[in-house]
Amino acid sequence: MRWLPALLLACSAAGASADDARARMHYLLHCGGCHLPDGRGVPPEVPSLRGDPGRLAAYPDGRRYLARIPGASQAPLSDAELTAVLNWVLTEFNADTLPADHEPLTVDEVASARRDALADPARERRAIWERHSLD
Amino acid sequence: MISNWLDERVGRGTRALARRTSRRSFLGRLGSLLAGSTVLPLLPVARALAAEGLTEVGDPESCDYWRYCALGGTLCACCGGTMSSCPPGAEPSPITWVGTCHNPADGQHYLIAYNDCCGKAPCERCFCHRTERDKPVYFPSKSNDILWCFGTKSHAYHCTVAAVQGRAEAPS
């Protein structure tokens, strides 16, 4: 039985890896066409997903904003799938800017935020960037 | 001393080669090799693409080719490019829309990026309109009726390529 913890750990790691692969697939299918597979976007038309999302994750309204933007809220994904994609984007592209005490987005907060549609995404973006002194 | 030895070895080898082969047979084999290596990649038969690492069957100049399951536009493969590269003089749009297609050669589903090639007059050959999982234009990120020449020097549409981005799950 000494090998049981190691086996459970290996199974857990394999499960996490499969979840990551699925989140990446959904990212490529629903986001990467415009934001590009590596998240760098095509500024100014398509914002980069590297850097700012990690900074936004430090604030409650920033966390909600990530799920409220039209590309996220309207993606043909379930709440759980969207949550997995957003968390994958945060850890994959924003490891340098995430707060040290970052907690992954939960399905409940993503579900609530994506139903709170942004009536004017550009205005909201300007407001939230100013509020938190983002570049 | 060394050069004499080298001359002798090379001379002996050359004479032995000349005894075994004729110039005509050498030129014939060289010609076959060159012609074969030029034509082989063009054959519309099963092929293993080293770059994308998958096996495919069919004719990339036909709308029925598996990768084009959601392509609306003209095939770059008919317009001087290939199924995954723009013709000379056309610029690939960095922005694209991505769908999934079923590859009959291996039974797997793949993510396919439909990048438009831009900056030249429209190519008029091989117009296709396939719509698997395509959505109306009011859902622009999933519509193949949108022209995707954004982020390029010119917005003029020329043709569309279909690049494999990786494995996908079977659509639900």
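This text walks through a two-chain model, from its overall make-up to a few individual residues. The model is predicted.

Start with chain A. Its secondary structure comes to eight helices and zero strands. Read from the N terminus, the elements run α-α-α-α-α-α-α-α. Chain A has 135 residues, and 30% of them count as buried. Take the contacts in chain A with a separation of 6 or more: residues 24 or more positions apart account for 68% of these.

Chain B has another make-up, with two helices and eight strands. Along the sequence the pattern is α-α-β-β-β-β-β-β-β-β. Of its 172 residues, 31% count as buried. Among contacts in chain B between residues at least 6 apart in sequence, 72% join residues at least 24 apart.

Now look at where the chains meet. Here 12 residues of chain A are in contact with 15 residues of chain B. On the chain A side, helix 1 (4-30) and helix 2 (32-35) each supply at least two residues. By class, that side of chain A has eight nonpolar residues, three polar and one charged.

One residue to inspect here is C34(A). Its place is in helix 2 of chain A. Is C34(A) buried or exposed? It has 22 other C-beta atoms within 10 Å. The cut-off for a buried residue is 20 or more, so C34(A) is buried. Leaving out residues up to four places away in sequence, C34(A) touches V46(A), I95(B) and S141(B). Its partners thus include residues of chain B. D108(A) is a distant point of reference: C34(A) and D108(A) are 74 residues apart in sequence and 27 Å apart in space, C-alpha to C-alpha.

Next comes helix packing within chain A. Helix 6 (residues 79-93) and helix 7 (residues 107-114) of chain A pack at an angle of about 105°, with their axes 9 Å apart. The two helices are therefore roughly perpendicular to each other. Helix 6 of chain A makes the contact through D79(A), A80(A), L82(A), T83(A) and L86(A). Helix 7 of chain A answers with V107(A), V110(A), A111(A) and R114(A). By class, this contact has six nonpolar, one polar and two charged residues.

Helix 7 of chain A also packs with helix 4 (residues 60-68) of chain A, at an angle of about 65° and with axes 8 Å apart. That makes helix 4 of chain A roughly perpendicular to helix 7 of chain A. The crossing is right-handed. Helix 4 of chain A brings R63(A), R64(A), A67(A) and R68(A), while helix 7 of chain A brings E109(A), V110(A), A113(A) and R114(A). Which classes make up this contact? It has three nonpolar, no polar and five charged residues. V110(A) and R114(A) appear in the contact with helix 6 of chain A and in the contact with helix 4 of chain A.

The nonpolar core comes next. In soluble globular proteins, nonpolar side chains tend to be buried together. The largest nonpolar core here has 59 residues. V85(A), L86(A), V89(A), C76(B), L111(B) and I112(B) touch the most other members. Helix 1, helix 4, helix 6 and helix 7 of chain A each supply at least two residues of this core, as do strand 5 (97-103), strand 6 (108-118) and strand 8 (157-168) of chain B. Helix 6 of chain A gives the most, with eight residues. On the chain B side, follow I112(B). Beyond its neighbours within four places in sequence, I112(B) is in contact with R67(B), V98(B), G99(B), T100(B), C101(B), A162(B) and V164(B).

Last, the backbone. Most residues other than glycine have a negative phi, and most peptide bonds are trans. The peptide bond from P43(A) to P44(A) is cis, with omega near 5°. P44(A) is found in the loop between helix 2 and helix 3 (52-56) of chain A.

Two residues have a positive phi without being glycine. Phi of S133(A) is near 50°. S133(A) lies in the segment after helix 8 (121-131) of chain A, and counts as exposed because it has 7 C-beta neighbours inside 10 Å. C126(B) has a phi of about 55°. C126(B) sits in the loop between strand 6 and strand 7 (127-129) of chain B. With 19 C-beta neighbours inside 10 Å, C126(B) counts as partly exposed.

How values were computed. Residues are numbered from 1 along each chain as its sequence is written. Chains are lettered from A and ligands numbered from 1 in the order in which they are written. This is a predicted model: local features need pLDDT of at least 70, side-chain atom pairs count only at pLDDT 80 or more; totals for chains, interfaces and linings use all residues. Two residues are in contact if their C-beta atoms, placed from the backbone, lie within 7 Å. Helices (H or I, at least four residues) and strands (E, at least two) are DSSP runs, numbered from the N terminus. Ala, Val, Leu, Ile, Met, Phe, Trp, Tyr, Cys and Pro count as nonpolar, Asp, Glu, Lys and Arg as charged, and the others, Gly among them, as polar. Axes are lines fitted to C-alpha atoms, for helices over the stretch in contact, and angles run from 0 to 180 degrees between N-to-C directions. Angles under 35 degrees count as roughly parallel, over 145 as roughly antiparallel, 65 to 115 as roughly perpendicular and the rest as oblique. A residue is buried if 20 or more other C-beta atoms lie within 10 Å of its own, exposed if 12 or fewer, and partly exposed in between; C-beta atoms are placed from the backbone. A crossing is left-handed if the near helix is turned anticlockwise from the far one by less than a right angle, and right-handed if clockwise. A nonpolar core is a set of buried Ala, Val, Leu, Ile, Met, Phe, Trp, Tyr and Cys residues joined through C-beta atoms within 7 Å.
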